[in-house]
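User: I am new to this structure and would like a close look at a single part of it, with the terms explained along the way.

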Amino acid sequence: MNKEEGIECETDKVRNQLQEKVAGMESFVGHLEEIFLTVEENFGRREQHLEQHYNDVLQTLSQRYDERSAGLEAEKKGKLEALYTQLLACGQAMDASKELIEMAQEIYRCQDKRLFLKISLYHTRIEEFAKKKVDLTLATRPEFDTPLADLTDVKAMMDSINVIPAPSAPVINPQIPNSATQTSLRVCWSLFSDDTVDYYELYYRPVLEDVPADGTQMPQVSKVKVKETHCSVTDLLPNAQYELWVTATNTTGISPASEKALYMTVPSPPVIKGRECTSCPEAAFISWDSGNTNPVDSYTVELSEMSAASTHSDVTESIVGVPTCQCVVQLQHGRRYLISVRAVNVGGSSNRSEILTVSTTGTFFHLLEDTAHPCLSISEDGFTIFYEDEELPISAMASDDNTFTRCVAILGDLIPVRGRHYWEVEVDDDTEFRIGVAYMDTERNSYLGANSTSWCMRHIVTPSRHKYEFLHNGWSPDLRITVNPVQIGVALDYQEGTVSFNVDLKQHLHTFRCHFQNYVHPCFGLDSPGALTVHNAIEAPDYAFV
């Protein structure tokens, strides 16, 4: 890497860091705006609550006043009626007294004895009135006896204004991307009020599929007690969904529970299927297993170019948003790369998978053992096949739909990259073989080259000579080869639609010309006991493609 490239790489890193900071500040500004609105809403609610509280107090006082006023009015009315009645009685007594006094005076002054006798009846009346006692005590007291109003409830209402209310329900924030790890979650929540809180309790449990409707097998709920409005929950399962909710508590009581929120832990690292990965001079096909029970959102393929002086390098390119467990990566010819995969969900990216080393010197593939005829065995390195002259038991001949049953053959990995591909096959002089390419759905109970889905070169040993056929759909041109090749090159060109065979003597043997409807597999077969070795990941010679 030259100086300019280094400066450019460093500039990209600084730019990415600045972009992350800007994104963080924008998120913080948005959060401040939410808090600003929350303060306004809380003030409005608090003011409304205070106004309602005082209105209740005033209404209660007004009710007590009305009750007290009505009682006083009734007592006043009773007192006045009693006094008025007593006043009338006194007035009547005074009028009668005056009348009798005047009559007594007249009797006293009278000289006529006969008249005196006539008014003797009045004398009796005067005596009776004089003997009669008059009640001169007040019928009622001027003081009022109505007790004072009971205002204890009003006092309690006034005191309750200063009592801390139980908190309102907290609100759990949505999960922040890239905030989780494989076994932990960072959970944040907000309390959209000015309530006093002593502590929070965060509850969580895993979300499981196929839980009975009666809830008898619900997962256990765990609880964490914290004082802050955030918490890190640990010892969790990778790539698992968790249901969380939170309550707030103070000296008065516990708030209602928040709405439940769903969070995801980060996935486990994917597992690269090295035996299913292939490469060619301009690309590589990478296959992996998710490594997770639950589905993930996507995958990220990371690659870096290996320099001649080191065995590792920083990631230079990432392919994001890969939806499935395989990907074709475009590369440069004649380089070596380190490739890894990460699984991604809302919680973040997993750790890297094990690193796969890929060379783009030539096309590289493995042999697919699940397609091998039962009579074939494969070497430990996976690139030599053997056909031994021995009978196998019937149990060993059992096969599935993907196994060759008639032709003693095997397929290589699919080559799913357009372009040119080259590999070589090493054979013994007296071994009968078939080599070439075939579609994935080529018939397993047919011979290679005997159908329309395979193209191959066949070697037959006869008592008189070595015969070579180039078969497709059972037909072969009439060709003679004077030198028995032991190192045969196979050149596949998707763009030109050709499969060519040549030998290390720079001799072109034959070329099939066809229009490939699908990608093809390398194919190898042995018609007689012997061995066959595949050499791939090698540079194609100049004469390979005609």
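Is glutamate 305 buried, partly exposed or exposed? Please take its salt bridge as the starting point and go on to the other charged pairs from there.

Analyst: This is a predicted model, in which local features need pLDDT of at least 70 and side-chain atom pairs count only at pLDDT 80 or more, while totals for chains, interfaces and linings use all residues. Residues are numbered from 1 along each chain as its sequence is written, and side-chain values use heavy atoms, with hydrogens and water left out.

Glutamate 305 is partly exposed, with a relative accessible area of 30%; here buried means under 20% relative accessible area, exposed means over 50%, and partly exposed lies in between (1.4 Å probe, protein chains only). Its partner in a salt bridge is arginine 335, and the closest N and O atoms of the two are 2.9 Å apart. This pair links distant parts of the chain, since glutamate 305 belongs to strand β11 (residues 298-305) and arginine 335 to the loop between β13 (326-330) and β14 (336-345), 30 residues apart. Strands (E, at least two residues) and helices (H or I, at least four) are DSSP runs, numbered from the N terminus. Arginine 335 counts as partly exposed, at 30% relative accessibility.

Side chains of opposite charge can pair when their charged atoms come close. The term salt bridge is used for a side-chain nitrogen of Lys or Arg within 4 Å of a carboxyl oxygen of Asp or Glu, and by this rule the count comes to 11 salt bridges.

Another of these joins aspartate 493 to arginine 420, with the closest N and O atoms 3.0 Å apart. Because aspartate 493 lies in strand β25 (residues 487-493) and arginine 420 in strand β21 (residues 420-427), the pair ties together parts that are 73 residues apart in sequence. Aspartate 493 is buried, with a relative accessible area of 3%, whereas arginine 420 counts as partly exposed at 47% relative accessibility.

A further salt bridge connects arginine 458 with glutamate 469, whose closest N and O atoms are 3.5 Å apart. Here too the pair links distant parts of the chain, with arginine 458 in strand β23 (residues 454-461) and glutamate 469 in strand β24 (residues 466-472), 11 residues apart. Arginine 458 is partly exposed, with a relative accessible area of 22%, while glutamate 469 counts as buried at 13% relative accessibility. Salt bridges that share partners join both residues with Arg434, Lys467 and Asp527 into one network.
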